[in-house]
Amino acid sequence: AVCYRLENVAGSETAKKCYIMTLGCLAPYRRYGIGTLLLRHVLRECSKNKQIQTVFLHVHIENEEAVKFYQKFGFQVTDKVENYYHRLSPQDAFILEKQLDHSIP
């Protein structure tokens, strides 16, 4: 499943950013490329809207597999949020972000 939303960019009346709230699939269905299909869908939809400048999400700081997965698609760790998660320990999350290049057709 994937769920994402568009948010306004502070200081701009037109610029948007896409926040991926959740992206994942059940354990028995992992390693079949489902996550890749879901992420590509989000990136493709965002690339259709020239107002969307970036795509970003939170990843638990100990989820190295997820960080590597997103980095394969051009995401970079841009920040760390302390006490983001309430039911996990440690509670911190990385923010991963990808800048969209609308100059490529």
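This is a short walk through the sheet, the two helices, the core and the salt bridges of a predicted model.

I'll start with the sheet. It is open, it has 5 strands, and their order is β1-β2-β3-β5-β4, with mixed pairing. The edge positions belong to β1, residues 2–8, and to β4; each has a single partner strand, so one side of each is left without a neighbour in the sheet. From one strand to the next the twist averages 30°. Inside the sheet, β2 and β3 pair in the parallel sense, over 4 bridges. If you want a residue pair to look at, take Lys16, whose bridge partner in β3 is Ile52.

Now the helices. α1 packs on the sheet and touches β1, β2, β3 and β5. Its direction makes about 165° with that of β2. α2 lies across β2, β3, β4 and β5, and runs at about 165° to β3.

Let me stay with α2 for a moment. Which of its residues are buried? They are Ala66, Val67, Phe69 and Tyr70. Looking down the axis of α2, these buried residues fall within an arc of 160°, so they line one face of the helix. The face turned away from that buried side carries exposed residues, namely Glu64, Glu65 and Lys68. As for what the buried residues of α2 pack against, the list is β2, α1, β3, β4 and β5.

That brings me to the core. The largest nonpolar core has 20 residues, and within it Leu39, Val55, Tyr70 and Phe75 touch the most other members. The elements that each supply at least two residues of this core are β2 (16–23), α1 (34–47), β3 (52–60) and α2 (64–71). α1 gives the most, with 5 residues.

Leu39 is worth displaying on its own. What is Leu39 in contact with, once its neighbours within four places in sequence are left aside? The contacts are Ile20, Leu23, Phe69, Tyr70, Phe73 and Phe75. Two of the names there, Tyr70 and Phe75, have already come up alongside Leu39 among the residues touching the most other core members. Phe69 and Tyr70 have come up as well, as buried residues of α2.

Last topic, charges. Side chains of opposite charge can pair when their charged atoms come close. How many salt bridges does the structure hold? The count is 3.

One joins Arg5 and Glu7, with the closest N and O atoms 2.8 Å apart. Arg5 is partly exposed, at a relative accessible area of 38%.

Another is between the side chains of Glu45 and Lys48, at 3.0 Å from N to O. Here Glu45 is partly exposed, with a relative accessible area of 30%, while Lys48 counts as exposed at 59% relative accessibility.

The remaining one is formed by Lys80 and Asp92, whose closest N and O atoms are 3.8 Å apart. Lys80 lies in strand β4, residues 76–81, and Asp92 lies in the loop between β4 and β5 (93–99), so the pair ties together parts that are 12 residues apart in sequence. On accessibility, Lys80 counts as partly exposed at 43%. Asp92 has a relative accessible area of 13%; the cut-off for buried is under 20%, so Asp92 is buried.

To recap: a 5-strand open sheet, α1 packed on it, α2 lying across four named strands, β2, β3, β4 and β5, and 3 salt bridges.

How values were computed:
Residues numbered from 1 in each chain as written. Predicted model: local features only at pLDDT ≥ 70, side-chain atom pairs only at ≥ 80, totals over all residues. Heavy atoms only, no water. Core = buried A, V, L, I, M, F, W, Y, C linked by side-chain atoms within 4.5 Å. Buried < 20%, exposed > 50% of the residue type's maximum accessible area, 1.4 Å probe, protein only. Contact = heavy atoms within 4.5 Å. Salt bridge = Lys/Arg side-chain N within 4 Å of Asp/Glu carboxyl O. Arc of directions from axis to C-beta. Pairing = 2+ DSSP bridges. Axes fitted to C-alpha atoms, helices over the stretch in contact; angles between N-to-C directions.
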